[in-house]
Amino acid sequence: MMNTGSFINKGIEFEGRWSVLDNLSLDMNYSYLHTSKPINYAPKHKFVANATYRPGRFTINMNVQSIYGFYTGYVRNFDSNPNPSLDTEDFTTLNAKVSYRIGERDKGMNLFVKGENLTATRYEYMQGYPMPKAVFMAGFDITF
């Protein structure tokens with residue numbers, strides 16, 4: 001762990017949602033972050049687009065996430081080096097989830113299967129620790 005010292009963050013974020021039909025919605029989010037010095041794990045640009053379709057008791061969700069200018073490594077000597085070497089990642093992932101609701105909309109159980117990073121994109125959140133390629137899961141969640 002490293003103390004980053006003092007810095008200034010400035011940014012802007014946009015978010016929008018469109019209910020195309022009663023059971024189909026699209027939403028997106030974009031954020032831009034400017035920091036006075038490089039901050040680990042803080043992306044300069046992040047874009048997420050999401051589509052959710054709910055036919056009956058099923059919910060089908062797909063999303064794409066793009067990240068640009070994501071600092072992955074420790075940048076040392078911020079103050080003594082005006083042009084430090086920066087390790088950044090740019091990557092896009094595609095995720096999907098299908099679930100089936102048992103019970104009420106607010107209460108009950110959801111059975112689901114989902115896949116993350118379906119395009120098997122190679123990227124690292126932290127330098128030297130690669131994220132897995134495509135990952136598939138199944139499970140359930142219960143709401144009381």
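This briefing covers strand pairing, aromatic contacts and pockets in the structure above. The model is predicted. Strand E5 (residues 88–102) recurs under each of these topics: it pairs with strand E6 (residues 108–116), carries phenylalanine 91 of an aromatic cluster, and gives the most residues to the lining of the largest pocket.

**Strand pairing: E5, E6 and E9**

- E5 and E6 run antiparallel to each other and are joined by seven bridges.
- Within this pairing, isoleucine 102 has methionine 109 of E6 as its bridge partner.
- The hairpin of E5 and E6 has five residues between the strands, and glycine 103 adopts a positive phi there, near 105 degrees.
- E6 is also joined to strand E9 (residues 135–143), in the antiparallel sense, by nine bridges.
- In that second pairing, phenylalanine 112 is matched with glycine 139 in E9.

**Strand pairing: E1 and E2**

- Strand E1 (residues 9–21) and strand E2 (residues 24–35) are antiparallel, with twelve bridges between them.
- The two strands form a hairpin in which two residues separate E1 from E2.
- Asparagine 9 is placed opposite threonine 35 of E2.
- E1 is hardly covered, since zero of its 13 residues count as buried.

**Aromatic pairs and a charge over a ring**

- The model contains three aromatic pairs.
- One of them is the edge-to-face pair of phenylalanine 70 and phenylalanine 91, with 6.2 Å from centre to centre and 75 degrees between the planes.
- Phenylalanine 70 belongs to strand E4 and phenylalanine 91 to strand E5, so this contact ties together parts that are 21 residues apart in sequence.
- Both phenylalanine 70 and phenylalanine 91 are buried.
- Phenylalanine 91 also pairs with tyrosine 123; the ring centres are 4.1 Å apart and the planes lie at 15 degrees, so this pair is stacked.
- This stacked pair links distant parts of the chain, 32 residues apart: phenylalanine 91 lies in strand E5, whereas tyrosine 123 lies in the loop between E6 and strand E7 (124–126).
- The relative accessible area is 3% for phenylalanine 91, which is therefore buried.
- Tyrosine 123 has a relative accessible area of 10% and is likewise buried.
- Through ring pairs, Phe70, Phe91 and Tyr123 are linked into a cluster.
- Lysine 97 is positioned over the face of phenylalanine 112, at 4.7 Å from the ring centre.

**Largest pocket**

- The largest pocket holds about 190 Å³ of space.
- Its lining consists of Arg54, Arg57, Thr59, Asn61, Lys97, Ser99, Arg101, Arg105, Asn110 and Asp141.
- Strand E4 (58–71) and E5 are the elements that give two or more residues to this lining.
- E5 gives the most, with three residues.
- By class, the lining has six charged and four polar residues, and no nonpolar ones.
- Lys97 is part of this lining, and lysine 97 is also the residue that lies over the ring of phenylalanine 112.

**Second largest pocket**

- The second largest pocket has a volume of about 160 Å³.
- The residues that line this pocket are Gln65, Thr93, Asn95, Glu116, Asn117, Tyr123, Tyr125, Met131, Pro132, Lys133 and Val135.
- Five of the lining residues are nonpolar, four are polar and two are charged.
- Tyr123 appears in this lining and also belongs to the cluster with Phe70 and Phe91.

Technical notes: Residues numbered from 1 in each chain as written. Predicted model: local features only at pLDDT ≥ 70, side-chain atom pairs only at ≥ 80, totals over all residues. Heavy atoms only, no water. Pairing = 2+ DSSP bridges. Helix = DSSP H or I, 4+ residues; strand = E, 2+ residues; numbered from the N terminus. 1 Å grid on protein atoms, 1.4 Å probe; cavity = no way out; pocket = protein on both sides within 12 Å on 5 of 7 lines; lining within 4 Å. Points joined across faces, edges and corners; volume = space filled by probe spheres on them. Nonpolar A, V, L, I, M, F, W, Y, C, P; charged D, E, K, R; others polar. Phe/Tyr/Trp six-rings, centres within 6.5 Å; stacked < 30°, edge-to-face > 60°. Buried < 20%, exposed > 50% of the residue type's maximum accessible area, 1.4 Å probe, protein only. Lys NZ or Arg CZ within 6 Å of the ring centre and 35° of its normal.
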